[in-house]
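Here is a short report to read alongside the sequence and the coordinates. Have the viewer open as you go.

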Amino acid sequence: MDLVNLFFQQLINGLSLGSLYALIAVGYTVVYGIVQLINFAHGEIFMIGAFGAYATWMVLGQPSDWSAPLSILVLLPVMIIGGIVASVAVALLTERWAYRPLRNAPRLAPLITAIGVSVFLQEFVRLFYGYIPGFPDAKSAIAFPSVPGISGATIQVGGVLIQMSAVFTLAALVVCWVFLWYYVNRTKTGRAMIATSQDPDTARLMGINVDKVIMAAFAVGAGLAAIAGVAHGLRYGNIDFKMGFLAGLKAFTAAVLGGIGNINGAVVGGLVLGVVESLAATYLGASAWKDVWAFVLLILVLVFRPQGLLGAKVVDRA
Amino acid sequence: MNKHSFKLVGVALVAASLAFAGCGSRADTGSSSGGTTGKVATIGVISPLSGDLSALGLGIRNSVDLAIRQANESNAIPGWTLKLSAQDDQATPDVGKNAATKLSSDDTVVGVVGTLNSSVAQTVIPVLASATIVQVSPANTNPTLTQGEDLANPKRPYANYFRTCTTDSVQGPFAAQYLLESGIKNVATIHDKKAYGQGLVEAFTTAFKAGGGTITDAETINPEDKDFSAVVSKVKTTSPEAVYYGGEYPQAGPLSKQMKGAGLNVPLMGGDGIYDPNFIKLGGTDGDLATSVGAPVDSLDSAKAFVSAYSAAGFSEPYAAYGAYAYDAANAIINALKVSLKDATDAKSARQATIDAMASVSFDGATGKVAFDEFGDSTSRVLTVYKVTGGEWKPEKTGELK
């Protein structure tokens, strides 16, 4: 492989890793934009999505001999829906029982609660997933089902080898981005979201059900996180109860990098973070330094552009 | 609250969540029944009973439990009943240290089997040493634990520490010897920056270069990482004939899978840390190699008694890679206790005598002859290369390091 190919290979690696970060980062940013809460449990919602998809596969009877088209057109969408159902349900429950009672509390209270929810969800899966009859114990990593046509499959473009799981992740990000744009700008709930993020009190006076809007924000973030969970499973071949911790931290970083509260910012921040990590591993010292460069970039952005790459300078109303 | 103080809170929370991620300790206490009544002596276990490495840690706990049950049944130490106290170290040095402190404050504890990880041993040994409790590890392979930091002038740092397994200073060179004999001259190395992985890769690199091989690339990964695509792409450009990995199966399995996914179709070779069925479950593929200490357990006549007793005891987890070594470690302690507890009035006063008695322990265990040299290392230098064949680890070659 020559140097040009290496560059493009690392770019592709970075873009697909970045897409994963971006899908999770959207959840941080949407919720922050509306309730100014950094939902640290969002990484666990991503993990729940992956476990939900796995559970769906188990319920389907662990189909492993389906043909590639059937798997991609039927099995994968069903698994994704299963994952979304699980993560949206959990996200709405945490919103209802953990965050809503603290809606008018000082901002620190829901933040600490979010960390508590995060620990709770991790430990809950670790301890109890194995109690579902026939399910494997989640105390160590579980092998994610392979989907024929995606897991392990690759396509060669010039000298660059692209894994189908990376194509899936990128495609999922593009689809979700378009969906989000339409949802936020063209639907009633989406416009209510914008209104609520601008001024919740006035929005309420205008007849917007703010509780419903907040639930929608949690649900949208959770849905995208579940898709990221499935992409993670396909990409790495295994899932575990603490997979949400580092992924959540990186995605939160991406959201801040892009400008927290801005959906496009989360997507751009995720992609930039992924690409910087991949390229830094190749060109800036040993691979051990990749996180150093990623966080150096974050610090630089925050010093020179505190609102993030795409964040708008707004007057903080709190 | 203004924007700036809010950001500060965010940063503090990230820091706090990082710090707390490694906290919390769980204890798991197994039970040993049977035996005569009388004075009680406890043998502790410190190993990962939860988390990624729990398959190995639970195998260690169960094997020690088995040795204790057998000793109680045969009344090996007249007038004494042995008990097991198993502590979870979560493969984390800090948690291991807490477990060691807890065990050393228990006056009935006379010996400890553990730890699994060399990095955890580094915090556990000093605690047990200050309480003069003998520690026998079934799995620590880092040479510095017994020989001190300067391997050219070995000096034993702790008199209470012994091990039944061979070390990286033997394992790494044995892997190098195997690869060179198979005609592989260009190898890239990757390790996880933990004491075990780094030690293994350093020993391998020295021996491989001395034997005429070339290290095409030396990389590292973070143990928490899931994505190795950047490292794999970089290693691939140096066209190695094999990749030598220092670390354990939770990362090695996915790494092997991602190597093959990225078109780097060469074997991944590692040490005993990847010699586990979970390596294959997590992505290890046919052709991958691992060295492990001793001869294959099921090929040894001496191990057959252990294997059949283990399955008869009805444990819910397999004995895994280190079960036989943990069984031998526990029996080494029990053999020393036969001498030290004979005239002792209480367990605590026998601690120093137990350490003294370890030097003369010599018996035929599940893994072969069990005895310790002047550093506390096992006298055995027999190793085996295993190869993934048809989705299973199969012994490829057993030999002694030349």
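How far apart do the C-alpha centres of domain 1 and domain 2 of chain B lie? In this predicted model, the two centres are 28 Å apart. Domain 1 of chain B covers 39–166 + 299–371, and domain 2 covers 168–293 + 383–400. Where they meet, 17 residues of domain 1 are in contact with 19 residues of domain 2. On the domain 1 side of chain B, helix H2 (54–73) and helix H4 (118–130) are the elements that give two or more residues. H4(B) supplies the largest share, three residues. By class, this side of domain 1 has eight nonpolar, eight polar and one charged residues.

**Between the chains**

Let's move on to the contact between the chains. Here 38 residues of chain B are in contact with 37 residues of chain A. Several elements give two or more residues to the chain B side, among them H2, strand E7 (214–220) and helix H9 (249–261). Helix H1 (3–21) of chain B is also in that group, and H1(B) gives the most, with seven residues. The chain B side that touches chain A is made up of 13 nonpolar, 14 polar and 11 charged residues.

**Chain A as a whole**

Chain A has 11 helices and four strands. Its radius of gyration is 20 Å, close to the 20 Å that the globule rule gives for 318 residues, so chain A is as compact as a globular protein of that length. Along the principal axes, the C-alpha atoms of chain A fill a box of roughly 60 × 50 × 35 Å. Of the 318 residues in chain A, 53% count as buried. Among contacts in chain A between residues at least 6 apart in sequence, 76% join residues at least 24 apart.

**The nonpolar core**

In soluble globular proteins, nonpolar side chains tend to be buried together. In this model the largest nonpolar core has 224 residues, and A:Leu23, B:Val113, B:Val243, B:Ala330 and B:Ile333 have the most contacts inside it. The core draws at least three residues from each of domain 1 and domain 2 of chain B. To see one of its well-connected members, centre the view on A:Leu23: leaving aside residues up to four places away in sequence, A:Leu23 touches A:Ala172, A:Leu173, A:Cys176, A:Leu224, A:Ala225, A:Ile227 and A:Ala228.

**A strand and some backbone details in chain B**

Five of the six residues of strand E6 (residues 186–191) of chain B are buried, so this strand is largely enclosed by the rest of the structure. E6(B) runs parallel to E7(B), and five bridges join them. Within this pair, B:Thr189 stands opposite B:Ala218 in E7(B).

Most residues other than glycine have a negative phi, and most peptide bonds are trans. Two residues of chain B with positive phi are listed below.

| Residue | Phi | Loop in chain B | C-beta atoms within 10 Å |
|---|---|---|---|
| B:Gln90 | near 50° | between strand E2 (80–88) and helix H3 (93–104) | 24 |
| B:Ala320 | near 60° | between helix H11 (301–313) and helix H12 (323–340) | 23 |

Why does B:Gln90 count as buried? B:Gln90 has 24 other C-beta atoms within 10 Å, and a residue is buried if that number is 20 or more. B:Ala320 counts as buried too, with 23 such neighbours.

Finally, look at the peptide bond from B:Gly114 to B:Thr115: it is cis, with omega near 0°. B:Thr115 lies in the loop between strand E3 (109–114) and H4 of chain B.

Terms used: Residues are numbered from 1 along each chain as its sequence is written. Chains are lettered from A and ligands numbered from 1 in the order in which they are written. This is a predicted model: local features need pLDDT of at least 70, side-chain atom pairs count only at pLDDT 80 or more; totals for chains, interfaces and linings use all residues. A nonpolar core is a set of buried Ala, Val, Leu, Ile, Met, Phe, Trp, Tyr and Cys residues joined through C-beta atoms within 7 Å. A residue is buried if 20 or more other C-beta atoms lie within 10 Å of its own, exposed if 12 or fewer, and partly exposed in between; C-beta atoms are placed from the backbone. Domain bounds come from an automatic or database domain assignment. Two residues are in contact if their C-beta atoms, placed from the backbone, lie within 7 Å. Ala, Val, Leu, Ile, Met, Phe, Trp, Tyr, Cys and Pro count as nonpolar, Asp, Glu, Lys and Arg as charged, and the others, Gly among them, as polar. The radius of gyration is taken over C-alpha atoms; the globule rule is 2.2 Å times the number of residues to the power 0.38. Two strands pair if DSSP finds at least two bridges between them.
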